[in-house]
Every structure is written in C-alpha cells, then in structure tokens.
Amino acid sequence: MAEVLLVEDERILRNHYAAIFEREGFSVRAVKDGEAALAAFAGKRPDVAVLDLDLPKVSGFRVCEEFRRAAPAMPIVVLTANDSDVNEVRSLGLGADDFCSKTEPENVIVAHIRRAAARAESTAAASAPPPDAMPAVVKLGRTEIDTATLVVDRGDGADRLTGGEWEVFRQLWKANGRPLSPEELLDALRERGAPCDISVLYVYISGLRRKLGSAGELITSQRRVGYRLIR
C-alpha cells in the first residue's frame with residue numbers, strides 16, 4: 001500500500017482528499033502547513049507527496065524544492081486551485097512531477113495520484129538490490145569481511161578467505177538463518193565450478209570458522225539438519 005503525504009491547509013479539503021485517497025487504497029498522512037510537511041517528511045519519507053502551493057509558514061514552492069533536494073526519485077504531485085501556467089512552470093522547475101488542478105473531477109485527480117504511485121513502485125523495484133546481494137562489508141560483531149577482497153578483519157588480525165570458504169559463507173548469509181544441508185552447500189559449490197565432496201566441505205567450514213575468529217561460533221551445525229549462520 002503506497003503512502004501519500006497530503007499537504008493541504010484548508011481543513012475541509014484536507015479531510016475530503018484524505019478520504020478519497022484512503023477509499024482508493026492509499027495510506028494517507030495529512031498535514032496543514034509547509035512547516036508540518038517538512039517535519040513529517042523528515043520523520044518518515046512517503047511514497048508520494050501531494051502538495052498545495054498556498055501554504056502557511058512555508059510555501060508550497062519551498063516545500064517542493066526541499067522535498068526534491070532530499071528525495072530525487074520521490075514523485076511530487078502539485079494539487080492546487082492556483083493552476084496558472086506560471087505556477088505550473090515554476091512547480092515543474094522546482095522538481096514537481098505532475099501538476100493537477102483542484103477543479104478537475106475526483107477520478108482525474110485520483111488518476112494523477114495512481115500514476116505517481118506506480119512510478120514510485122517502479123523506481124523502488126528498479127533500485128532494489130538482487131535477492132542475493134550482499135553489503136560491501138559484512139559485520140559479525142567485531143569481525144568484518146570485505147566482500148570484494150574477501151579479507152577478514154578480526155580486529156586482532158586478518159586473513160583472506162579462499163573461494164570455497166567464501167561460497168560457503170555466502171550461501172549461509174543468503175539463507176538468512178535457515179539451516180542448509182551439506183547437500184545444498186555442495187550443490188552451490190559445484191555450480192561455481194568447484195569439484196567438491198563432503199570431506200572438502202568440512203575443510204571449508206573448518207577454515208571459515210577459524211578465520212572468522214570469535215565470530216566463527218555463529219556458524220552452528222546440527223546433526224541431520226545442516227549448518228546455519230546466526231545473524
């Protein structure tokens with residue numbers, strides 16, 4: 001459910017639009033002025049901002065500019081009664097994605113918001129890391145692993161993981177606490193082109209635990225179940 005931050009100073013209109021958007025399936029936070037809009041945005045960034053221009057305390061133009069500076073990809077829809085060409089050009093120049101008049105029918109206004117929400121969803125999906133992506137540095141207590149160089153820094157010394165040790169660790173990390181059987185780990189190693197049998201897997205796990213130092217205790221084993229990494 002996409003969240004809309006609605007910025008509208010007139011109470012009746014604020015409640016009116018909030019009810020419409022909620023009826024259409026959006027989650028709505030509604031605020032009454034530009035200062036409250038900036039505070040709400042700082043507290044939690046919405047999926048879509050719907051913004052009036054004539055706001056007390058901080059103008060809608062300024063709010064639009066600040067939103068765009070802080071969130072380059074967040075859709076901003078200006079919803080205003082002052083729908084002059086001058087205001088439209090200025091709003092778009094400050095970073096608004098869409099400009100909508102309050103005189104338009106409700107279904108048209110909703111269509112503008114839906115289009116903005118779809119854009120937000122598409123942008124989020126495009127920027128999301130792949131499911132097996134790992135951070136540049138994995139931290140396990142005081143132990144850090146540089147995922148580019150495979151160097152393990154334990155704080156009191158360093159080691160470098162072998163390719164097999166790294167693949168075992170990577171699979172355990174991806175499993176996010178789920179135990180992996182030896183067969184699953186062996187299959188992953190073979191998919192990487194590394195011939196492997198159970199005795200070699202034991203060597204990888206032993207070496208991995210040793211190089212991780214105290215963090216090696218986070219790799220646990222359970223008979224007839226497998227291995228897991230406690231994160």
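1. In this predicted model, a polar atom of the Thr 80 side chain lies 3.0 Å from the backbone nitrogen of Asn 82. Thr 80 itself belongs to strand E4, residues 76-80. Its relative accessibility is 0%, so Thr 80 counts as buried, the cut-off being under 20%.

2. Leaving aside residues up to four places away in sequence, Thr 80 touches Asp 52, Leu 53, Phe 99, Cys 100, Ser 101 and Lys 102. Asp 52 and Lys 102 also appear among the residues touched by Glu 8, which is taken up next.

3. Glu 8 sits in the loop that joins strand E1 (3-7) to helix H1 (11-23). Is this loop residue buried or exposed? With 2% relative accessibility, Glu 8 counts as buried. Its side chain reaches the backbone nitrogen of Glu 10 at 3.0 Å.

4. The contacts of Glu 8, again without residues up to four places away in sequence, are Leu 13, Arg 14, Val 31, Lys 32, Asp 52, Leu 55 and Lys 102. For the backbone, the C-alpha atoms of Glu 8 and Asp 33 are separated by 6.6 Å, although the two residues are 25 apart along the chain.

5. Helix H6 covers residues 163-175. At 1.5 Å a residue its 13 residues should span 18 Å, and the end C-alpha atoms are 18 Å apart, so the expected and modelled spans agree. Directly after H6, Asn 176 takes a positive phi of about 55 degrees.

6. How many of the 13 residues of H6 are buried? The count is 11, so the helix is largely enclosed by the rest of the structure. The buried set includes the charged residues Glu 165, Glu 167 and Arg 170. Also buried are Gly 164, Trp 166, Val 168, Phe 169, Gln 171, Leu 172, Trp 173 and Ala 175.

7. Helix H7 (residues 182-191) packs against helix H8 (residues 198-212) at an angle of about 90 degrees, with 10 Å between the axes. The two helices are therefore roughly perpendicular to each other, since that class runs from 65 to 115 degrees.

8. Which residues make the contact of H7 with H8? From H7 come Pro 182, Leu 185, Leu 186 and Leu 189; from H8 come Ile 198, Leu 201 and Tyr 204. By class, the contact has seven nonpolar residues, no polar ones and no charged ones. In an α-helix there are 3.6 residues a turn, so residues three or four places apart point the same way.

Conventions. Residues numbered from 1 in each chain as written. Predicted model: local features only at pLDDT ≥ 70, side-chain atom pairs only at ≥ 80, totals over all residues. Heavy atoms only, no water. Helix = DSSP H or I, 4+ residues; strand = E, 2+ residues; numbered from the N terminus. Expected span 1.5 Å × (residues − 1). Buried < 20%, exposed > 50% of the residue type's maximum accessible area, 1.4 Å probe, protein only. Axes fitted to C-alpha atoms, helices over the stretch in contact; angles between N-to-C directions. Parallel < 35°, antiparallel > 145°, perpendicular 65-115°, else oblique. Contact = heavy atoms within 4.5 Å. Polar contact = N/O pair within 3.5 Å; in protein donor to acceptor, adjacent residues only side chain to side chain.
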